[in-house]
Amino acid sequence: MRMPANFPQPAAHDAAPYDALLLYSFGGPNKPEDVVPFLRNVTAGKGIPDERLEQVGEHYYGFGGKSPINEQNLALKAALEAELAARGIDLPVVWGNRNWEPYTGDALDELEKLGAKRAVALVTSAYASYSGCRQYREDLATTLDKRGQLGPDGSTGVQFDKIRAYFNHPGFVQANIDAVVEAYAELETKGGSGADAKLVFVTHSIPDTMEAASGVGHATYSEQHLDVASLVAAAVGEQLGHDVEWELAYCSRSGPPSQPWLEPDVNDLLTERAGAGLRNVVLSPIGFVSDHMEVVYDLDTEALATAAELGMTAVRAGTVGTRAPFVQGLVDLIVERAGLARGEQVDEATVGSLPAFPSVTPPLCCLRRHEEPSGIPALCSEDMYR
Ligand SMILES: CC1=C(CCC(=O)O)c2cc3nc(cc4[nH]c(cc5[nH]c(cc1n2)c(C)c5CCC(=O)O)c(CCC(=O)O)c4C)C(CCC(=O)O)=C3C
Ligand SMILES: [Fe+2]
């Protein structure tokens, strides 16, 4: 499939009816004392074994107790502000996180200070699953509820809409293509051979139950990744002038060993392929929008060490971060969502074989487990209790 060199740029638009943008992320610790309370926030009631938590804590301590995620979100916020300003769109950007400061509630305080009545939310997760979709929508509803701002009909202090899952938006895909092409060049400078390299896409593993539940009303989490992967591999192959063999692998599994999660783990895949003679690898972290802890630890520290032990030449491609096609694409998505909110016909740009995902999610969309409504309300859906 051919990717457009320049995906279409809409004319400058108003973002009405929105009066603010919520940049909504995961959060991460800023210093060693934050690590344990942060992990408690993340894992509240999720049955992650203590062993795993200690391990994950060590990953953070190895980086001075500080995750790169907060600075990256500030950089994304600045890039979004610059792109909005360049298009003449007056939309203040407010940042909030599910698991660390500034918390969702801090963002709601700020939105109130701005006098915002209707905000559009952008979550820093490109794919739809419980972790990247409903969990954010539940957190928003729960936080409003605690403030007495969630009415039984879903009416809220500030009203929220959300941009759709953007894994198949041309901006996100183009930014990944650019990053992978650069990684192939880097592989050559390290003495590797791009023509012999395998392109290994990597994303966050999730439990099989969460994968199954991610497919209500749309393709599942892994199917979304496979679509992006095949597009990126084909476009990279075209630019490099040779076929690119690729596979999808997973990282950052947690949970008890008895619980099945998506596989293969990236380290296991590398080990197996090395046995079959593979010597050159490009890792492309398509599952992550920036270089946060999973990327700098699970890939740069662990997977690259595995590759080195196996005698491979390996490089890790960049994440989309603040690359221009990605940031421009996000602003296109905000403009698109505003058009939908105004009841206009809009062009929902996509690439690949999957349709644009719904921005108002259908009932039972992206539950943690199949067909088990959690009883937790979730915003930006057709039915907030399902
Ligand atoms: C799909 C997915 C994304 C990608 C989408 C997205 O980007 O949002 C993501 C992102 C992130 N996950 C993060 C951190 C953690 N995730 C954990 C645990 C879990 N993640 C899960 C899934 C995902 N997680 C799941 C199914 C669990 C099991 C518990 C549960 O069912 O919820 C745990 C607990 C310990 C552990 O088990 O690892 C931690 C510390 C950070 C912050 C990193 C930083 O600080 O830089 C980020 C961005
Ligand atoms: Fe996670």
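This note goes through the predicted model point by point, from its two domains to the ligand and then to two annotated residues.

1. The protein chain is divided into domain 1, which is made of residues 20–166 together with 323–341, and domain 2, which covers residues 170–316. The C-alpha centres of these two domains lie 25 Å apart, and the contact between them takes 26 residues from domain 1 and 25 residues from domain 2.

2. On the side of domain 1 that touches domain 2, at least two residues each are supplied by H2, helix H3 (69–86), H5 and helix H11 (324–341). The largest share of this side comes from H11, with six residues. Sorted by character, the residues on this side of domain 1 divide into 14 nonpolar, nine polar and three charged.

3. Ligand 1 is surrounded by 27 residues, and the closest of these are Gly28, Ser67, Ser254, His292 and Met293. Two or more residues of the shell come from each of helix H1 (32–43), helix H2 (50–61), helix H5 (130–146) and helix H10 (293–309), and H1 gives the most, with three residues. The shell around ligand 1 holds 10 nonpolar, 14 polar and three charged residues.

4. Where does ligand 1 lie with respect to domain 1 and domain 2? Because both domain 1 and domain 2 give residues to the shell around ligand 1, the ligand lies between them.

5. An unreviewed UniProt entry lists His204 and Glu294 under "binding site", and a student should keep in mind that this label comes from the record. Although these two residues are spread over 91 residues of sequence, they cluster in space, with a largest C-alpha distance of 8.0 Å.

6. Histidine 204 is found in strand E5, which runs over residues 198–204. Histidine 204 has 23 other C-beta atoms within 10 Å, and since a residue counts as buried at 20 or more, it is buried. Leaving aside neighbours within four places in sequence, histidine 204 is in contact with Cys251, Ser252, Gly287 and Glu294.

7. Is glutamate 294 buried or exposed? Glutamate 294, which has its place in helix H10, counts as buried because it has 21 C-beta neighbours inside 10 Å. When neighbours within four places in sequence are left aside, the contacts of glutamate 294 are His204, Cys251, Ser252 and Phe288. Read together with the previous point, Cys251 and Ser252 are in contact with histidine 204 as well as with glutamate 294.

Notes:
Residues numbered from 1 in each chain as written. Chains lettered and ligands numbered in written order. Predicted model: local features only at pLDDT ≥ 70, side-chain atom pairs only at ≥ 80, totals over all residues. Near = placed C-beta within 6 Å. Helix = DSSP H or I, 4+ residues; strand = E, 2+ residues; numbered from the N terminus. Nonpolar A, V, L, I, M, F, W, Y, C, P; charged D, E, K, R; others polar. Domains from an automatic or database assignment. Contact = placed C-beta atoms within 7 Å. UniProt positions renumbered as here; feature names shortened; annotations may be inferred. Buried ≥ 20, exposed ≤ 12 C-beta atoms within 10 Å, placed from the backbone.
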